[in-house]
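Visitor: I'm new to this, so please pick a single part of the model and give me a close look at it. Take it slowly, and tell me what sits around it.

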Amino acid sequence: MERTTLRRRALAAGTATVAVGALALAGLTGVASADPADSAAAPVSADSLSPGLLAAMERDLGLDADDARSRIANEYRAAAVAAGLEKSLGADFAGARVGGAKATLTVSTTDASQAARITGAGAKAEVVAHSLDRLEGVKEALDRAAQRKAPKDVPVWYVDVEANRVVVNAASTAAGTAFLKAAGADSSLVTVARSAEKPRTFADLRGGDAYYMNGSGRCSIGFSVKRGTQNGFATAGHCGRVGTTTNGFNQQAQGTFQGSTFPGRDYAWVATNANWTPRPTVNGYGRGDVTVAGSTASVVGASVCRSGSTTGWHCGTVQQLNTSVTYPEGTISGVTRTSVCAEPGDSGGSYISGNQAQGVTSGGSGNCSSGGTTYFQPLNPLLQAYGLTLVTSGTPTDPPTTPPTDPPTDPPGGTWAAGTAYAAGATVTYGGATYRCLQAHTAQPGWTPAAVPALWQRI
């Protein structure tokens with residue numbers, strides 16, 4: 001069950017005409033505590049959020065700056081508590097979501113005896129009939145059928161944790177029913193909903209911090225990333241194939257696609273030349289750039305904002321995780337469904353919650369005049385797929401400019417070693433102390449745990 005595995009890794013680390021958009025971003029997640037008692041989120045300081053992002057949240061969510069900061073802090077905390085409860089509840093876990101002005105966390109379980117554990121962690125408990133694993137098993141059957149043959153007139157399907165059902169959006173009940181039959185899915189766990197959505201990708205549309213593919217099409221940079229010492233950025237897979245060359249917003253030579261997956265998933269990364277320096281920021285469109293601090297995934301109901309060159313900042317909420325969408329090119333699975341609008345030209349822009357990168361937009365429907373629905377490819381699976389590290393406010397963007405006189409060596413008994421790829425959460429010893437990895441990266445000479453607190457935390 002690929003999606004279930006990806007979801008758990010991410011939590012542990014942490015009727016309109018279609019308007020298309022491929023928004024891109026990449027990032028590494030911080031590690032959420034598996035113990036709810038240790039999962040209090042760091043407070044959101046008054047100066048840590050972009051004025052542009054706060055203005056967009058006020059416009060789209062009706063939150064003033066103080067309310068926005070409070071909500072984001074609550075959402076950070078909710079994500080950490082949900083991660084710990086998912087681990088402790090195991091097979092009885094049935095999903096998590098936040099709601100209300102204060103982003104109150106609700107955690108669902110199939111075992112009424114676990115309600116006390118949930119409330120003890122500070123969340124509202126809800127007892128439901130079906131576990132999340134069971135519902136995602138039904139969705140995975142639909143995904144497998146779609147990979148064999150994309151369903152006709154069935155644009156979207158997902159697990160709705162609030163309804164405790166799998167929802168299939170279809171142009172007609174007959175189309176949805178035919179899809180369930182082809183997949184052999186348990187229809188008793190599925191609701192077929194009529195929908196006029198016609199999602200398509202934003203590949204040939206302009207948006208975000210622009211880059212140009214092979215001198216023709218245009219997409220947008222999502223987030224800066226590194227692979228070892230190689231700089232680059234993450235983007236949507238439908239924007240280019242391996243070997244596609246890119247020019248930047250200034251039409252200067254920029255880089256080449258190194259990896260690309262589409263359909264199935266919708267992610268890619270571009271390696272850039274030495275003229276381009278990665279920065280941990282998202283374009284704020286005249287309202288102050290947003291600094292990226294990590295990529296802890298948000299839960300259902302959390303606020304999320306998007307930056308794009310056509311419509312600037314727009315915000316909404318996470319509606320469903322692990323959604324599948326059928327485009328003319330094929331089916332994409334594992335995307336997140338949001339209420340954020342997008343328009344042609346926003347392709348490739350960043351999705352971010354507070355200062356936590358969320359993913360790259362794959363496509364959507366509607367527009368920012370009448371409203372719309374947009375889907376993004378979650379960021380952390382993208383990073384994992386290509387062995388990338390998100391460039392954040394605490395990440396060294398280059399190796400030390402002055403190498404040590406002597407090459408660094410492991411002290412007696414130390415396990416840290418340059419050249420080793422470390423995943424978030426990994427532990428090493430160095431200089432007689434133990435450290436936990438905060439961001440996945442490939443260790444470089446001089447990036448010792450004691451010297452780079454952005455990458456390692458002493459425990």
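Guide: Two strands pair if DSSP finds at least two bridges between them. Helices (H or I, at least four residues) and strands (E, at least two) are DSSP runs, numbered from the N terminus. What you see is a predicted model, in which local features need pLDDT of at least 70, side-chain atom pairs count only at pLDDT 80 or more, and totals for chains, interfaces and linings use all residues. Residues are numbered from 1 along each chain as its sequence is written, and side-chain values use heavy atoms, with hydrogens and water left out.

Let's make helix 2 our part. Helix 2 covers residues 51-61, and Gly 62 follows, with a positive phi near 70 degrees. Which residues of helix 2 are buried (under 20% relative accessible area, with over 50% being exposed and partly exposed in between, using a 1.4 Å probe and protein chains only)? They are Gly 52, Leu 53, Leu 54, Ala 56 and Met 57. These buried residues pack against helix 3, and also against strand 16 (290-291), strand 17 (303-308), strand 18 (312-327) and strand 20 (350-353). That gives us a list of neighbours to visit.

Start with helix 3, residues 65-89. Its axis and that of helix 2 come within 9 Å and cross at roughly 95 degrees (axes are lines fitted to C-alpha atoms, for helices over the stretch in contact, and angles run from 0 to 180 degrees between N-to-C directions). The two helices are therefore roughly perpendicular to each other (65 to 115 degrees, while under 35 is roughly parallel, over 145 roughly antiparallel and the rest oblique). Where do helix 2 and helix 3 make contact, that is, have heavy atoms within 4.5 Å? Helix 2 brings Leu 53, Leu 54 and Met 57, and helix 3 brings Ala 65, Ala 68, Arg 69 and Ile 72.

Helix 3 leads us on to a little sheet. It lies across strand 1 and strand 2, at about 15 degrees to strand 2. Those strands belong to an open sheet of three, in the order 1-2-3, and its pairing is mixed. Strand 1 (93-99) and strand 3 (124-127) are the edges, each pairing on one side only. From one strand to the next, the twist averages 25 degrees. Strand 2, residues 104-109, runs parallel to strand 3, and four bridges join them. For a pair to find on your screen, try Thr 109, which has Val 127 of strand 3 opposite.

Now go back to helix 2 and look towards strand 17, where you'll find Cys 305. Why does Cys 305 count as buried? Because its relative accessible area is 2%. Leave aside its neighbours within four places in sequence, and Cys 305 touches Leu 53 and Met 57, along with Trp 313, His 314, Cys 315, Ser 350, Tyr 351 and Ile 352. Leu 53 and Met 57 are the two you met in the contact with helix 3. Another cysteine, Cys 341, is 36 residues away along the chain, and its C-alpha atom is 9.7 Å from that of Cys 305.

Strand 18 is on the list of neighbours too. Gly 312 sits in strand 18, and its relative accessibility of 12% makes it buried. Gly 312 and Ala 342 are 30 residues apart in sequence, with 9.4 Å between their C-alpha atoms.

To finish, let's step away from helix 2 and look at some strand pairing elsewhere in the chain. Strand 22 (residues 371-378) is mostly covered, since six of its eight residues are buried. A hairpin of three residues connects strand 21 to strand 22. Strand 21 (residues 356-367) pairs with strand 22 in the antiparallel sense, over eight bridges, and there Val 360 faces Gln 377. Strand 19 (residues 330-338) also runs antiparallel to strand 22, joined by three bridges, with Arg 337 opposite Tyr 375.

There's another three-stranded open sheet, with the order 25-26-28 and antiparallel pairing. Its edges are strand 25 (427-430) and strand 28 (456-458), each paired on one side only, and its twist averages 35 degrees from strand to strand. Three bridges tie strand 26 (residues 433-437) to strand 28, where Cys 437 has Trp 456 as its bridge partner.

Definitions and conventions: Contact = heavy atoms within 4.5 Å.
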